[in-house]
Amino acid sequence: MKRAVELKINGDTYELLVSTHATLLEVLREKLGLMGTKRGCDLGACGACTVLIDGEAYLSCLMLAVDAIGKEILTIEGLSEGGDLHPIQSAFVEKGGLQCGFCTPGMILTAKAILDQEHNPTEEVIKKKMAGNLCRCTGYKKIVEAIMSVTE
Ligand code: FES
Ligand code: FES
């Protein structure tokens, strides 16, 4: 069954016809071409599909698109302003917090949700709250360093 929905994504409003069982991840990637939101496990286990919904980090592979109606959705494409990288994005670049980059959009959006709620978290807090975002390349050290550098 399909349903007409209005989704607010990165400040724009999209009117779409979506399957009622389509995940938000599927709609972002397949209907809107917002490929920055990654499909890793599609099972809620890797964090690669993280987006912000009303400022909170959510796994878009576990959320139905119809459940996002009326909410403000932020994907990695909406994070930089006027072509300038967000400070967390710049920190990942400067500190070498990425290699292949597959996990990076989810990492950065989860970090944004953490730092928006708590401006000066400890390294332990960051590690604990980032635990749902997996990276196969970096060993996490530089990711944590990058996030810590934004708090300083
Ligand atoms: S793709 Fe959603 S958690 Fe892995
Ligand atoms: S940089 Fe490759 S998975 Fe994290």
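## A salt-bridge network around Arg39

In this predicted model, the side chains of glutamate 30 and arginine 39 meet in a salt bridge, with 2.9 Å from N to O. Arginine 39 has a second partner in aspartate 42, and there the closest N and O atoms are 3.5 Å apart. How do these residues sit relative to the surface? Glutamate 30 is exposed, at a relative accessible area of 54%. Arginine 39 counts as partly exposed at 29% relative accessibility, and aspartate 42 is partly exposed too, with a relative accessible area of 35%.

Another pair to look at is lysine 141 with glutamate 145, whose closest N and O atoms are 3.0 Å apart in a salt bridge. These two residues are four apart in helix α5, so about one helical turn separates them. Lysine 141 counts as exposed, with 58% relative accessibility, while glutamate 145 is partly exposed, with a relative accessible area of 34%. Returning to the earlier trio, salt bridges with shared partners join Glu30, Arg39 and Asp42 into one network. A search of the whole structure turns up six salt bridges. As a general reminder, side chains of opposite charge can pair when their charged atoms come close.

## Helix α1 and the strands it packs on

Helix α1 covers residues 24–31, and its buried residues are Leu24, Leu25, Val27, Leu28 and Arg29. Which elements do the buried residues of α1 pack against? They meet four strands: β1 (2–9), β2 (12–19), β3 (50–53) and β5 (72–74). Just after α1 comes glycine 33, which takes a positive phi of about 70°.

On the other side of the helix in sequence, threonine 23 lies in the loop between β2 and α1. Threonine 23 is buried, because its relative accessible area is 13% and the cut-off for buried is under 20%. Not counting residues up to four places away in sequence, threonine 23 touches Ser60, Cys61, Met63, Leu64 and Ala65.

## Two domains in contact

The domain assignment divides the protein chain into domain 1 (2–78) and domain 2 (87–151). Their C-alpha centres lie 21 Å apart. How many residues does each domain bring to the contact? Domain 1 contributes 17 residues and domain 2 contributes 13 residues.

## The nonpolar cores

The largest nonpolar core has 23 residues, and the members that touch the most others are Phe92, Met107, Met130 and Ile147. Elements giving two or more residues to this core are α2, α3 (104–117) and α5. Of these, α3 gives the most, with seven residues. The core also draws on both parts of the chain, taking at least three residues from each of domain 1 and domain 2. Apart from this core lies another, made of 17 residues, among them Leu7, Leu24, Ala65 and Val66.

## A closer look at Met130

Met130 deserves its own visit. Methionine 130 is found in the loop between α4 (123–129) and α5 (141–151). Is methionine 130 buried or exposed? Methionine 130 is buried, with a relative accessible area of 8%. Leaving aside its neighbours within four places in sequence, methionine 130 is in contact with Met107, Thr110, Ala111, Ile114 and Ile147. Two of these contacts, Met107 and Ile147, appeared above alongside Met130 among the core residues that touch the most other members.

For a sense of placement, you can also compare methionine 130 with glycine 44. The two are 86 residues apart along the chain, and their C-alpha atoms are separated by 14 Å.

## A nonpolar patch on the surface

Some nonpolar side chains are found on the outside. Leu85, Val93 and Leu98 form a nonpolar patch on the surface, and together they have about 260 Å² of accessible area. Within that patch, valine 93 belongs to helix α2, residues 87–95. Valine 93 counts as exposed, at 56% relative accessibility, since the cut-off for exposed is over 50%.

Conventions
Residues are numbered from 1 along each chain as its sequence is written. Chains are lettered from A and ligands numbered from 1 in the order in which they are written. This is a predicted model: local features need pLDDT of at least 70, side-chain atom pairs count only at pLDDT 80 or more; totals for chains, interfaces and linings use all residues. Side-chain values use heavy atoms; hydrogens and water are left out. Buried means under 20% relative accessible area, exposed over 50%, partly exposed in between (1.4 Å probe, protein chains only). Contact means heavy atoms within 4.5 Å. Patches are made of residues with over 30% relative accessible area and no salt bridge: like charges are joined within 9 Å, nonpolar side chains (Val, Leu, Ile, Met, Phe, Trp, Tyr) within 5 Å. Accessible areas come from the Shrake-Rupley method with a 1.4 Å probe; for residues, only the protein chains shown count as cover. A salt bridge is a side-chain nitrogen of Lys or Arg within 4 Å of a carboxyl oxygen of Asp or Glu. A nonpolar core is a set of buried Ala, Val, Leu, Ile, Met, Phe, Trp, Tyr and Cys residues joined through side-chain atoms within 4.5 Å. Domain bounds come from an automatic or database domain assignment.
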